[in-house]
Amino acid sequence: LAPYRADCEAGVATRGTRGPIDFLYPGAGAKIYIPIDLAETRSRVVFEAVHRDREATLHWHLDDAYIGTTHTFHQRALDAPAGAHTITVVDLHGNRLSRQFEVLAREQQ
């Protein structure tokens, strides 16, 4: 995320500020299907976040379980089981952002 321009900061203060973190993927309330590849192996989905500080470190959690840390490029490939989940990222200053999503079950044949 780019920093706010000086002439925009006053307007942001009156509307309430967004935190320094945002998700690029998944979108809010996303329903995700994780396909099976040609080798019959379940693929992974890549989650991505951005931080206003280019040098930020983000700690990732899936359903309150720690899954790893990223620096600079904030992407995590995950293979989450079917059902509802919450992905959370937390920076070193305690800023956090969570996003709920659902992984769709493979159709039974």
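Two strands are taken to pair if DSSP finds at least two bridges between them. Helices (H or I, at least four residues) and strands (E, at least two) are DSSP runs, numbered from the N terminus. The structure is a predicted model, in which local features need pLDDT of at least 70 and side-chain atom pairs count only at pLDDT 80 or more, while totals for chains, interfaces and linings use all residues. Residues are numbered from 1 along each chain as its sequence is written, and side-chain values use heavy atoms, with hydrogens and water left out.

The chain contains 1 helix and 8 strands, arranged from the N terminus as α-β-β-β-β-β-β-β-β. Of its 109 residues, 29% are buried (under 20% relative accessible area, with exposed meaning over 50% and partly exposed in between; 1.4 Å probe, protein chains only). The accessible surface amounts to about 7300 Å², and carbon and sulfur atoms contribute 52% of this area (Shrake-Rupley method with a 1.4 Å probe; for residues, only the protein chains shown count as cover). Among contacts (heavy atoms within 4.5 Å) with a separation of 6 or more, 52% involve residues 24 or more positions apart.

An open sheet of mixed pairing is formed by 5 strands in the order S2-S8-S7-S4-S5. S2 and strand S5 (65–71) occupy the edges with a single partner strand each, so one side of each has no neighbour in the sheet. From one strand to the next, the twist averages 30° (axes are lines fitted to C-alpha atoms, for helices over the stretch in contact, and angles run from 0 to 180 degrees between N-to-C directions).

Within this sheet, S2 and S8 are parallel and joined by 3 bridges, with Lys31 opposite Glu102 in S8. S8 is also antiparallel to S7, through 8 bridges; here Gly83 has Val103 in S8 as its bridge partner. S7 and S8 constitute a hairpin with 4 residues between them, and Gly94 in the turn adopts a positive phi of about 90°. Strand S7 (residues 83–91) further pairs with strand S4 (residues 57–62) in the antiparallel sense over 5 bridges, and Leu58 has Asp91 in S7 as its bridge partner.

The whole structure contains 3 aromatic pairs (rings of Phe, Tyr and Trp, the last by its six-membered ring, with centres within 6.5 Å; planes under 30 degrees apart are stacked, over 60 edge-to-face and the rest tilted). Tyr25 and Phe47 form a tilted pair, with 6.3 Å centre to centre and 55° between the planes. Tyr25 belongs to strand S1 (residues 21–25) and Phe47 to strand S3 (residues 45–51), so this pair ties together parts 22 residues apart in sequence. Tyr25 is partly exposed at a relative accessible area of 34%, whereas Phe47 is buried at 0%. A tilted pair is also formed by Phe47 and Phe101, at 5.0 Å centre to centre and 55° between the planes. This pair links distant parts of the chain, since Phe47 lies in strand S3 and Phe101 in strand S8 (residues 96–103), 54 residues apart. Both Phe47 and Phe101 are buried, and one aromatic cluster comprises Tyr25, Phe47 and Phe101.

The loop between S1 and strand S2 (30–32) includes Gly27, which is partly exposed at 31% relative accessibility. Beyond its neighbours within four places in sequence, Gly27 contacts Arg99 and Gln100. A distance of 8.0 Å separates the C-alpha atoms of Gly27 and Phe101, which are 74 residues apart along the chain.
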